[in-house]
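Hi,

Here is the structure I promised to pass on. Have a look at it first, and then read my notes below.

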Amino acid sequence: MPNVKNLQQVELLKTKIAKAKSIAIVDYSGTSANDQVKLRSEVTAAGGEVLVAKNTLIDIAVGKGKLTDSLEGMNAIVFSYNDAVAAIKSLFNFQKDASKLEIKQGFMDDKVLSADEVKSLSKLPGKNELISMLISRLQSPATGLVNVLKAGPRNLVYALNAIVDKK
């Protein structure tokens, strides 16, 4: 019979996985306690969460056999709640600075992602960046129209100034 604590942990993992937009499996064996605290704070600031759990419980919560390739050693799960990219970006920024983590696999929309796919996911723009890009794209035609409408009077002023400078 399964342990009650393990059953509760599996249920907790299942609810977090269902709530998360994306997750990543990370080997944290080379990190110190201070590094882990720093990683947790960076991921939390990006709208995610880092959770350490037993490999077998992670395997059961995600779906038996989906992530078994990466579930060896000391693993943690990085959940990205608000944005599928934000927490993974902060994870890769931490890895770039500390070089102590190994990103093994990811999971998004019932699809297992390889380490390379997780890396390419981290390079995508985040939700806020996409919104600002969309706003600038929507504003650019209006700005161009205003410049075209102002061009006639402006060119007239330039021509009059050129005539005044000649005389």
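**What I found**

N128 is found in helix α6. Bear in mind throughout that this is a predicted model. At 64% relative accessibility, N128 counts as exposed, since the cut-off for that is over 50%. If you measure up from N128 to V52, the two C-alpha atoms are 28 Å apart in space, with their positions 76 residues apart in sequence.

**Helix α1**

Helix α1 covers residues 4–19. Its 16 residues should span 22 Å at 1.5 Å a residue, and the end C-alpha atoms are 23 Å apart, which agrees. At the start of α1, N3 puts a side-chain oxygen within 3.1 Å of the backbone nitrogen of K5.

Which residues of α1 are buried? They are V10, L13, K16 and I17. Their arc around the axis is only 130°, so they sit on the same side of α1. This fits the usual helix geometry: with 3.6 residues a turn, residues three or four places apart point the same way. On the other side of α1 you will find V4, Q8, A18 and K19 exposed. As for what the buried residues of α1 pack against, the partners are β1 (22–27), β2 (48–52), α3 (55–62) and β3 (75–80).

**Helix α2**

The same check works for α2: 13 residues at 1.5 Å each should span 18 Å, and the end C-alpha atoms are 18 Å apart, which agrees. Here D35, L39 and V43 are buried. They cover an arc of only 60° around the axis, which puts them on the same side of α2. The cover over these buried residues includes β2, β3 and α4.

On the other side of α2, the exposed residues are A33, N34, V37, T44 and A45. Take V37: its relative accessible area is 56%, so it counts as exposed, the cut-off being over 50%. From V37 to V10 is 24 Å between C-alpha atoms, for 27 residues along the chain. After α2 comes G47, which has a positive phi, near 90°.

**The two cores**

The largest nonpolar core has 19 residues, and the members that touch the most others are L39, V78, L91 and L101. Elements giving two or more residues to this core are β1, α2 (33–45), β3, α4 (86–98) and α5 (115–122). Which element gives the largest share? It is α4, with five residues.

L101 is worth clicking on. Beyond its neighbours within four places in sequence, L101 is in contact with V26, D27, Y28, T31, L39, L91, F94 and Q95. There is also a second, separate core of 18 residues, and V10, L13, L71 and Y81 are among its members.

**Salt bridges**

How many salt bridges does the structure hold? Two. In general, side chains of opposite charge can pair when their charged atoms come close.

One of them joins K16 to E49, with the closest N and O atoms 2.9 Å apart. K16 belongs to helix α1 and E49 to strand β2, so the pair ties together parts that are 33 residues apart in sequence. K16 is buried, because its relative accessible area of 15% is under the 20% cut-off. E49, at 22% relative accessibility, counts as partly exposed.

The other is between the side chains of E129 and K89, at 3.4 Å from N to O. E129 lies in helix α6 (residues 127–166) and K89 in helix α4, so this pair ties together parts 40 residues apart in sequence. E129 counts as partly exposed, at 39% relative accessibility.

**One more residue to look at**

Last on my list is Q105, in strand β4 (residues 102–108). Is Q105 buried or exposed? With a relative accessible area of 12%, Q105 is buried. Leaving out residues up to four places away in sequence, Q105 touches A24, I25, K66, L67, D69, S70, V112, L113 and V118.

Cheers

Conventions: Residues numbered from 1 in each chain as written. Predicted model: local features only at pLDDT ≥ 70, side-chain atom pairs only at ≥ 80, totals over all residues. Heavy atoms only, no water. Helix = DSSP H or I, 4+ residues; strand = E, 2+ residues; numbered from the N terminus. Expected span 1.5 Å × (residues − 1). Buried < 20%, exposed > 50% of the residue type's maximum accessible area, 1.4 Å probe, protein only. Arc of directions from axis to C-beta. Contact = heavy atoms within 4.5 Å. Polar contact = N/O pair within 3.5 Å; in protein donor to acceptor, adjacent residues only side chain to side chain. Core = buried A, V, L, I, M, F, W, Y, C linked by side-chain atoms within 4.5 Å. Salt bridge = Lys/Arg side-chain N within 4 Å of Asp/Glu carboxyl O.
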